[in-house]
Amino acid sequence: MAEKISSNLQNQDFSITNNRIAKPSSEFYTVFSQQEILHLIDALKTRREIPLKYSYKGAGANIWDNFYRKLIIPNWYRSNVEIQLLRDNFQYLNEKTQNSQKVNIIDVGAGNSYPVKEYIRKLDKLGRIDRYTALDISEELLEVSKRNFTRWFPFIKYTNSYIDIENSSIPEYLLHQNNINIFLHLGVTIGNLQHRVKALKNFRQSMGKNDLLVLTNEIGNNSQWDGIARGGCYYHAEQIYQRINKNIGIQHQDCQLIRKYDKKTDSVVANLKFTYDYTIDFSSTGINKKVEISKDEEITIWRHHKHQLPELIQELDQSELQLVHHSTNKYQSHIMAICKI
Ligand SMILES: C[S@@+](CC[C@H](N)C(=O)[O-])C[C@H]1O[C@@H](n2cnc3c(N)ncnc32)[C@H](O)[C@@H]1O
């Protein structure tokens, strides 16, 4: 009998507690820094979450880039909400920055840089762009951004750098005091973060008195989610789920993917639910940590929080930022908020 079980469950050990053991793959350890691994383990232990921001790293960069190019660009509904909102706000942004001859664009969470292509082209035509800086937690997406941007705009200065905007402000050497900086945080990324106010405070700390922060998010009431997964919640979450299974070493038959409204975070989440007791063993590479997860427990692998306008203003207020202008798309599903210190 014992032989039969072990042959059925390849790559798994049993401890005395009978938990199945998952051992993260070698790819897992190469993609993350030691500090990121420790954060990830802590998030798993204390709040049963693998922060979504880590899923853009390594092969996750391709997942996002493919998702963006295959599903976001051709889809009429989401059809470039960001591009349309940047188009709608072009004149406002231009007028607001007239006391500087040129602007620097600092795109935080730049992804593949697609959403800013049209905006940069228009700025360039007016001779108003000095430099584009792409910042991201994913080194691999920074590579994609660089490849795209330098092909589209070989004559515009391009810089990129790693950042985790929840943990640090933008380093001073990337800021250019002689021009106005326009910080972009697009792709409804603010709604995916755990520490939204911390991130906003980090933006605030990096901004000068004439600088602008431009962010987008979905707007609406999270608790009234209709239970139908769409867009990122459907496609992106599914791909992340499969990759986590593979990279952490959880067998497909021992878990399932569920989406739901989570009252605690007032967000729609995608959770990996365990159907078997598991121990995730991070002890290779000297990190002597294990996380025990019981049957029926869930870990969050994707999350999104829509803002209602008063709440967004409140979070900006807590971060000492003021909302100076905003607009929504024609379906009233997304907002572009323009802020100053
Ligand atoms: C939803 S995608 C949006 C990408 C792009 N701005 C767009 O609109 O298509 C989120 C991007 O932000 C990055 N990101 C997520 N969390 C981050 C964090 N805490 N700090 C820096 N970048 C982050 C991801 O790697 C990814 O490139």
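**Exercise 1. Find the domains and say what the centres of domain 1 and domain 2 are separated by.**

The domain assignment, an automatic or database one, gives domain 1 as 2-51 + 236-304 and domain 2 as 76-220 + 307-340. Taken over C-alpha atoms, the centres of domain 1 and domain 2 are 33 Å apart.

Before going on, note that this is a predicted model: local features need pLDDT of at least 70, side-chain atom pairs count only at pLDDT 80 or more, and totals for chains, interfaces and linings use all residues. Residues are numbered from 1 along each chain as its sequence is written.

**Exercise 2. Describe the overall build of the protein.**

Step one: list the secondary structure. There are 11 helices and 13 strands, where helices (H or I, at least four residues) and strands (E, at least two) are DSSP runs numbered from the N terminus.

Step two: check compactness. The radius of gyration, taken over C-alpha atoms, is 21 Å, close to the 20 Å that the globule rule gives for 341 residues, so the protein is as compact as a globular protein of that length. The rule itself is 2.2 Å times the number of residues to the power 0.38.

Step three: add the extent. The C-alpha trace spans about 75 × 40 × 35 Å along its principal axes.

**Exercise 3. Work out the sheet that contains β8.**

Start with the order. Three strands form an open sheet, β7-β8-β11, with antiparallel pairing; two strands pair if DSSP finds at least two bridges between them. At the edges are β7 (255-262) and β11 (298-304), each pairing on one side only. From one strand to the next, the twist averages 25°.

Now look at one pair. β7 and β8 (residues 267-274) are joined in the antiparallel sense over eight bridges. As an example, Leu257 has Leu272 in β8 as its bridge partner.

Finally, add the helix. α10 (residues 231-249) lies across β7, β8 and β11, and runs at about 145° to β11. Such angles run from 0 to 180 degrees between N-to-C directions, with axes fitted to C-alpha atoms, for helices over the stretch in contact.

**Exercise 4. Is Lys102 buried or exposed, and which residues does Lys102 contact?**

First, place Lys102: the loop between α6 (90-96) and β2 (103-108) holds this residue.

Next, count. Lys102 has 16 other C-beta atoms within 10 Å, so Lys102 is partly exposed (buried needs 20 or more, exposed 12 or fewer, partly exposed lies in between; C-beta atoms are placed from the backbone).

Last, leave aside neighbours within four places in sequence: Lys102 is in contact with Arg128, Ile129, Asp130 and Asn179 (contact means C-beta atoms, placed from the backbone, within 7 Å).

Note on methods
Two residues are in contact if their C-beta atoms, placed from the backbone, lie within 7 Å.
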